[in-house]
Amino acid sequence: MKFQMSKKKAKIGRNNPCPCGSGLKYKKCCLRKGKAPPKTFESTRHFYYRQYKIRLKGKEDIEGIRQAGRLVLDTLDLVESEIKPGMTTDNINTLVHEFTVKNGAKPAPLRYRGFPKSTCVSVNEVICHGIPGDRVLNDGDIVNVDVTSVLKGYFADANKTFFVGTPGPNARKIVEISRDSMKAGIKMVRPGNTIGDIGWAIQKSAEGRGASVVREFVGHGIGFQFHEAPQVPHYGKRGDGIPLVPGMVFTIEPMINLGKKDLYLLKDKWTAVTKDGSLSAQFEQTVLVTEDGFESLTPYV
């Protein structure tokens, strides 16, 4: 599940708190001294929360998110094994809900901001936030299932787009492009790169193959809460945005349309669909920035 894009951008300035943790403004501390502030984990954690409201995760937190991530993947594997023509999207919701609860966790989407179900199920032209109901899956459909589990207080989030029965060439194309664009974004995750590098790689991958990237919804920080800072757009420019540092945990979840990027919301105020009726697909993983790169906390190929 994803955040709606905010237009507000965070910036570092001379009057911001110094990253060294001294309590002074940057211009009156390390900037004046002409030296770089120390980069210990604790000083960085302190600075990133004050500057961006980003909560970096320590070892214990990461292990908690990793365990929640394993449950998310097990849930998606169960759904994949059961999907077939004739199922309703509500049948999928039941599978997700019962399996999550059985394993001692909670489905984060249920009643989140009024969302009525335990998972988002988005079919064909539905971009995201499809509400499970009586829609029947047909042979040749594509269906995205978005699972977020809360296990022992930690959140993890992932989704996949599945084929229902035998897919046609357009279905195969958009699913492949979507998966590859997510992978391109994940490969950009390492200390020293920025949020903008991730969006740039995704946009280049998708648009280079004739598809379009949805702008209105973005990835997001996760772990202690369902949605945290930072927002992670799936388009952008190299070098723009917040620098990545170890301990950051966020989702990368590009929504890719076979046609144009434009969308509209249905009357339920949740379900986003392509304006031109074209197919849309999505893949998502929860990613940790490590000392020398990244680790997916919801890993799949």
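Modeller: Let's begin with one word we will need: a residue is called buried when its relative accessible area is under 20%. Keep in mind too that the model above is predicted.

Colleague: Thanks! Can we try that word on a residue? Is Ile 83 buried or exposed?

Modeller: Ile 83 counts as buried, because its relative accessibility is 12% and the cut-off is under 20%. This residue sits in the loop between α3 and α4.

Colleague: Which residues does Ile 83 touch, leaving aside those up to four places away in sequence?

Modeller: Its partners are Ile 92, Leu 137, Val 143, Phe 162, Phe 163 and Val 164. Take Leu 137: 54 residues separate it from Ile 83 along the sequence, while their C-alpha atoms are 8.6 Å apart in space.

Colleague: How do contacts across the sequence look for the whole chain?

Modeller: Counting contacts between residues at least 6 apart in sequence, 69% join residues at least 24 apart. As for burial, 54% of the 301 residues of the chain count as buried.

Colleague: You mentioned α3 and α4. How should I read two helices that pack together?

Modeller: Two packed helices are described by the angle between their axes and by the distance between those axes. In this model, the axes of α3 (residues 59–82) and α4 (residues 89–102) come within 10 Å and cross at roughly 145°. The crossing is right-handed.

Colleague: Which residues of α3 and α4 meet?

Modeller: From α3 come Leu 71, Asp 74, Thr 75, Leu 78, Val 79 and Glu 82, and from α4 come Ile 92, Leu 95, Val 96, Phe 99 and Thr 100. Sorted by class, this contact has seven nonpolar, two polar and two charged residues. You have met Ile 92 already, as one of the residues that Ile 83 touches.

Colleague: Let's move on to strands. How many helices and strands does the chain have?

Modeller: There are six helices and 16 strands. Here is the general idea for the strands: those of a sheet pair through backbone hydrogen bonds, either parallel or antiparallel.

Colleague: Where can I see a pair?

Modeller: Try β5 (residues 142–151) and β6, which run antiparallel and are joined by 10 bridges. At one of the positions, Leu 151 stands opposite Tyr 154 in β6. These two strands make a hairpin with two residues between them, where Lys 152 takes a positive phi near 55°. Strand β6 (residues 154–163) is mostly covered, with nine of its 10 residues buried.

Colleague: What about a strand with both faces covered?

Modeller: Look at β10 (residues 249–252). Val 249 and Thr 251 are on one side, Phe 250 and Ile 252 are on the other, and all are buried. Strand β10 pairs with β15 (residues 285–289) in the antiparallel sense over four bridges. In β15, Thr 286 is the bridge partner of Thr 251.

Colleague: How do I read an open sheet and its edges?

Modeller: Follow the order of the strands. One open sheet of three strands runs β4-β13-β12, with antiparallel pairing. Its edge strands are β4 (126–128) and β12 (263–265), each of which pairs on one side only. From one strand to the next, the twist averages 40°. Between β4 and β13 (residues 272–274) there are two bridges, and Cys 128 stands opposite Ala 272 in β13.

Colleague: Where is there another open sheet to practise on?

Modeller: Try the three strands in the order β7-β11-β14, where the pairing is antiparallel. Here β7 (212–213) and β14 (280–282) are the edge strands. Two bridges link β7 to β11 (residues 255–257), and in β11 the bridge partner of Val 213 is Ile 256.

Colleague: Back to Cys 128, please. Why is Cys 128 not bonded to Cys 120?

Modeller: The question comes down to distance. A disulfide needs two cysteine sulfur atoms within 2.5 Å. The sulfur of Cys 128 lies 7.6 Å from the closest cysteine sulfur, that of Cys 120, so the two are too far apart for a bond. The structure as a whole holds zero disulfides.

Colleague: Are these cysteines buried or exposed?

Modeller: Apply our opening word again. Cys 120 has a relative accessible area of 2%, so it is buried. Cys 128 is also buried, at 1%.

Notes
Residues are numbered from 1 along each chain as its sequence is written. This is a predicted model: local features need pLDDT of at least 70, side-chain atom pairs count only at pLDDT 80 or more; totals for chains, interfaces and linings use all residues. Side-chain values use heavy atoms; hydrogens and water are left out. Axes are lines fitted to C-alpha atoms, for helices over the stretch in contact, and angles run from 0 to 180 degrees between N-to-C directions. A crossing is left-handed if the near helix is turned anticlockwise from the far one by less than a right angle, and right-handed if clockwise. Contact means heavy atoms within 4.5 Å. Ala, Val, Leu, Ile, Met, Phe, Trp, Tyr, Cys and Pro count as nonpolar, Asp, Glu, Lys and Arg as charged, and the others, Gly among them, as polar. Buried means under 20% relative accessible area, exposed over 50%, partly exposed in between (1.4 Å probe, protein chains only). Two strands pair if DSSP finds at least two bridges between them.
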